[in-house]
Structure formats: C-alpha cells, structure tokens
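Please look over the sequence and the model below before reading on. The report that follows takes up the surface, the overall fold, the charged pairs and the pocket in turn.

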Amino acid sequence: MIARPPMAIPTLAMIGLALLTALLVVEPGTIARFDAPLSAGLRGFATDRPGLVTVLRVVTDLAATIPFIAAGLAAIVLFAARQDRPRALFCMAVTVVVPAGWALGQWLLHRPRPLDGFVTVTANGFPSGHTSNAAAAALAVVLLAWSGVGRTGRLLLGLLAASGVGVIAASRLVLLVHWPVDVIGGCLLAVVVVSLAARWVPQQPGGLALSDSRPGKVSSRDGSCEVRRS
C-alpha cells in the first residue's frame, strides 16, 4: 500500500514554505542577499562549461509540466485498470495539485527570475515548477514502492529519488532559470502536497505508515500487508 509519512513532515514543510513566502513579500532584500552570490557563482561556472549547459537544457525538460502530467495520467490509468483505487486517487491528487500549486504561487508572487539566464522564461519564478514536479514524482514513487521492498531496496530507492531531484534542481540553478530559494520552495511544495495526498487517500486493510515499516513487524498474506502488534 501507499506509505504514509508522519504528519510532522508535511507540517514542517508547510511552515518552511510559508516562511519563505512571507520573506519574499515582506523582506525581499534578505532573500536577495542569499540568492545573488550563489547565482553569480553558478553563472561563472556555467559560462566556462558550454557543453554542460547544452546537456542541462535537455535534461531539465524531463521535469517539465507536460511529461509530468503525462506520467501521472499513465499511472492513474494503470492503477485504475488494476482496480487499485487508492493508488489511482493518490496519483490523481499529485498530478493535479502540484502543477496547480506552483502555478498559483508564480501567479500571485512577483518574483523575477535571474537576468540573462541560459534559458529564457518570462513567468515569475517562485516556486520552481520543474523542481516541484521532479520532487513530487520522486516522493510519490518512493511512497508507492515503500512497502514492497526491503531495507536495502528502500535505501537504493531513496538515493535514486534524491539524485533525480538533485539533478533537476541543479539544472534550474546552473541554467539561471531560478534562484536558489525558488528551488527550495519547489521542494517544500512537493513534500506538502505528496505527503498530505498519501495521508488523505483511504488505505486498504494493512496500509502502512513509514514509522511502522520495521523488520519483523510486517507480514504479507494473500497479497495484503498486516501489521503485527507486540
């Protein structure tokens, strides 16, 4: 079943996202003092590596809105065909709410992107849509697969998911499409939406919370999971 993160995870992410948003509105200069030096350093790094810029222009579009929605729709159809209603609803919530969330943020907040970036985008920049998409997809895969793999599998799954998000986030920064705070905001938004979606979807008998997934505590019988209480 879908793993359910502790409520503390989306709560902390929501607080962090709210604080960043408030700072952007009330104290944009404070955010600029954090963003500007990092982006300036990345500009020099990318200028000296035109080949890397070319590669990143392709890689970054893996997390664009159309691929994200297409993958989400494919997952919805797959789980619906298997009559797995919880997973289908979960994928639907993530596919719809994540793009709506970052699009709303960019519409409401006047947050110009870095000037003269290696990719030209005219829309506002907070939060990063590509980063939100990548982080949401990665976390959704982890939660969907969590109860079906062992400890080593979970470690590898987590590393692969984090690496994928890191590559997309880095591409947005190196290409100077976003400021660092935009990328952080995108990750926080994804954590909030995906974690709450996992907790909102009705669980079938035997659905697991992350905190319950300990060796010796879970058994599988007739394709379902059962939590043994000591």
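Which residues make a nonpolar surface patch of about 320 Å²? In this predicted model, the patch is made by L12, I15 and L19. Of these residues, I15 has its place in helix 1, which covers residues 8-26, and with a relative accessibility of 45% I15 counts as partly exposed, because that value falls between the limit of under 20% for buried and the limit of over 50% for exposed.

**Overall build**

The protein contains eight helices and two strands, and when the elements are followed from the N terminus they run α-α-α-α-α-α-α-α-β-β, with the two strands coming after the eight helices. Of the 230 residues in the protein, 43% are buried. One contact between distant parts of the sequence involves V192, a residue of helix 8: the C-alpha atoms of V192 and I9 are separated by 7.7 Å, although the two residues are 183 residues apart along the chain. V192 has a relative accessible area of 9% and is therefore buried, since buried means under 20%.

**Salt bridges**

Side chains of opposite charge can pair when their charged atoms come close. A search of the whole structure finds three salt bridges, which are set out here with the distance between nitrogen and oxygen.

| Salt bridge | N to O distance |
|---|---|
| R111 and D35 | 2.4 Å |
| D84 and R87 | 2.8 Å |
| D182 and R111 | 2.9 Å |

In the salt bridge between R111 and D35, R111 lies in the loop between helix 5 and helix 6 while D35 belongs to helix 2 (residues 28-47), so the pair ties together parts that are 76 residues apart in sequence. Both partners are buried, R111 because its relative accessibility is 10% and D35 because its relative accessible area is 1%.

R111 also meets D182 in a salt bridge, and this pair likewise links distant parts of the chain, with D182 in helix 8 (residues 180-200) and R111 in the loop between helix 5 and helix 6, 71 residues apart. D182 is buried, as is R111. Through salt bridges that share partners, D35, R111 and D182 are joined into one network. In the remaining pair of the table, D84 forms a salt bridge with R87, and both D84 and R87 are buried.

**The largest pocket**

What is the volume of the largest pocket? The largest pocket has a volume of about 330 Å³, and of the 23 residues that line it, the closest to its centre are F68, A71, N133, A137 and A138. The elements that each give two or more residues to this lining are helix 4 (65-81), helix 5 (85-108), helix 6 (129-145) and helix 7 (151-174). Helix 6 gives the most to the lining, with eight residues.

How many charged residues does the lining of the largest pocket have? By class, the lining has 19 nonpolar residues and four polar residues, and no charged residues. For a reader inspecting the model, the residues closest to the centre of the pocket, among them F68 and N133, give a place to begin.

Terms used
Residues numbered from 1 in each chain as written. Predicted model: local features only at pLDDT ≥ 70, side-chain atom pairs only at ≥ 80, totals over all residues. Heavy atoms only, no water. Patch = residues over 30% accessible without salt bridge, like charges linked within 9 Å, V, L, I, M, F, W, Y side chains within 5 Å. Areas by Shrake-Rupley, 256 points an atom, 1.4 Å probe, with all protein chains shown as cover. Salt bridge = Lys/Arg side-chain N within 4 Å of Asp/Glu carboxyl O. Helix = DSSP H or I, 4+ residues; strand = E, 2+ residues; numbered from the N terminus. Buried < 20%, exposed > 50% of the residue type's maximum accessible area, 1.4 Å probe, protein only. 1 Å grid on protein atoms, 1.4 Å probe; cavity = no way out; pocket = protein on both sides within 12 Å on 5 of 7 lines; lining within 4 Å. Points joined across faces, edges and corners; volume = space filled by probe spheres on them. Nonpolar A, V, L, I, M, F, W, Y, C, P; charged D, E, K, R; others polar.
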